[in-house]
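Colleague: Got a minute? I'd like to go through this one with you.

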Amino acid sequence: RRPKKLPAVVALMLGAGATAQEPVQGDAGRGRLAFAPCRTCHYPEQGYGHHNGPSLWDLFGRRAGSAEGYAHYSDALKAADFAWTPELLDFWLANPCRFLPDSSMVVFETTPQQRADLIEYLKQFRE
């Protein structure tokens with residue numbers, strides 16, 4: 001069963017200033033470069049073990065806090081009841097403290113273009 005995005009998550013996105021903006025076109029090549037600091041904790045390639053964070057292989061559509069083989073999720077992510085979408089990842093990276101205030105993930109400040117590039121890069125890593 002695929003988890004649903006909670007209405008609270010959607011309400012949070014809207015209440016925290018997520019607006020219908022002109023979509024930014026991502027570029028996977030730039031996303032690969034932008035992903036470099038993320039590799040401190042994550043790998044998107046299939047078959048790579050867990051680092052300091054969960055694997056990002058086949059991220060989109062996966063329930064938050066559920067990557068196999070990773071047991072160090074924050075309580076906030078363990079309790080989350082939504083599946084990752086590009087839109088939710090964009091909001092997470094733009095507003096980590098508002099999205100899940102008790103998460104332990106380190107998030108760097110990013111621009112909308114950098115987030116679009118990262119998301120486009122991560123879309124390549126799926127079944």
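Colleague: In what order do the elements of the protein chain run from the N terminus on?

Modeller: They run α-α-α-α-α-α. Keep in mind that this is a predicted model.

Colleague: How many helices and how many strands does the protein chain have, then?

Modeller: Six helices and zero strands.

Colleague: What share of the residues counts as buried?

Modeller: The protein chain has 127 residues, and 35% of them count as buried.

Colleague: And the surface? How much does the protein chain expose?

Modeller: About 7,800 Å². Carbon and sulfur atoms supply 53% of that.

Colleague: What about contacts between residues 24 or more positions apart?

Modeller: Take the contacts in the protein chain with a separation of 6 or more. Residues 24 or more positions apart account for 56% of those.

Colleague: New topic. How many disulfides does a search of the whole structure find?

Modeller: Zero.

Colleague: Why is there no bond between Cys38 and Cys41?

Modeller: Distance. The closest cysteine sulfur to that of Cys38 is in Cys41, and it is 8.7 Å away, too far for a bond. A disulfide needs the two sulfur atoms within 2.5 Å. Seen from Cys41, the closest cysteine sulfur is the one in Cys38.

Colleague: Where do those two sit, buried or exposed?

Modeller: In between. Cys38 is partly exposed, at 22% relative accessible area. Cys41 is partly exposed too, at 26%.

Colleague: Next, charges. How many salt bridges does the structure hold?

Modeller: Five. One of them joins the side chains of Arg39 and Glu45, at 2.5 Å from N to O.

Colleague: Are Arg39 and Glu45 buried or exposed?

Modeller: Arg39 is partly exposed, with 27% relative accessibility. Glu45 counts as buried, at 19%. The cut-off for buried is under 20%, so Glu45 falls on the buried side.

Colleague: Which residue does Lys78 meet in a salt bridge?

Modeller: Asp75, at 3.7 Å from N to O. Both are in helix H3, which covers residues 75–79.

Colleague: How far apart are Lys78 and Asp75 along that helix?

Modeller: They are three residues apart, so about one helical turn separates them. Asp75 is exposed, with a relative accessible area of 61%. Lys78 is partly exposed, at 45%.

Colleague: And which residue meets Glu120?

Modeller: Lys123. Their side chains form a salt bridge at 3.5 Å, N to O. Glu120 is partly exposed at 26% relative accessibility, and Lys123 is partly exposed at 32%.

Colleague: On to rings. How many aromatic pairs does the structure hold?

Modeller: Ten. Among them are Tyr70 and Tyr73, an edge-to-face pair. Their centres are 5.0 Å apart, with 85 degrees between the planes. Tyr70 and Tyr73 are both buried.

Colleague: Why is the pair of Tyr121 and Phe125 edge-to-face?

Modeller: Look at the angle. The planes of Tyr121 and Phe125 are at 75 degrees, and over 60 counts as edge-to-face. The ring centres are 5.0 Å apart.

Colleague: Are Tyr121 and Phe125 buried or exposed?

Modeller: Buried. Tyr121 has 4% relative accessibility, and Phe125 has 13%.

Colleague: Last one. Which residues form one aromatic cluster?

Modeller: Phe82, Trp84, Phe91, Trp92 and Phe99.

Colleague: Thanks, I'll look those up in the view.

Definitions and conventions. Residues numbered from 1 in each chain as written. Predicted model: local features only at pLDDT ≥ 70, side-chain atom pairs only at ≥ 80, totals over all residues. Heavy atoms only, no water. Buried < 20%, exposed > 50% of the residue type's maximum accessible area, 1.4 Å probe, protein only. Phe/Tyr/Trp six-rings, centres within 6.5 Å; stacked < 30°, edge-to-face > 60°. Helix = DSSP H or I, 4+ residues; strand = E, 2+ residues; numbered from the N terminus. Contact = heavy atoms within 4.5 Å. Areas by Shrake-Rupley, 256 points an atom, 1.4 Å probe, with all protein chains shown as cover. Salt bridge = Lys/Arg side-chain N within 4 Å of Asp/Glu carboxyl O.
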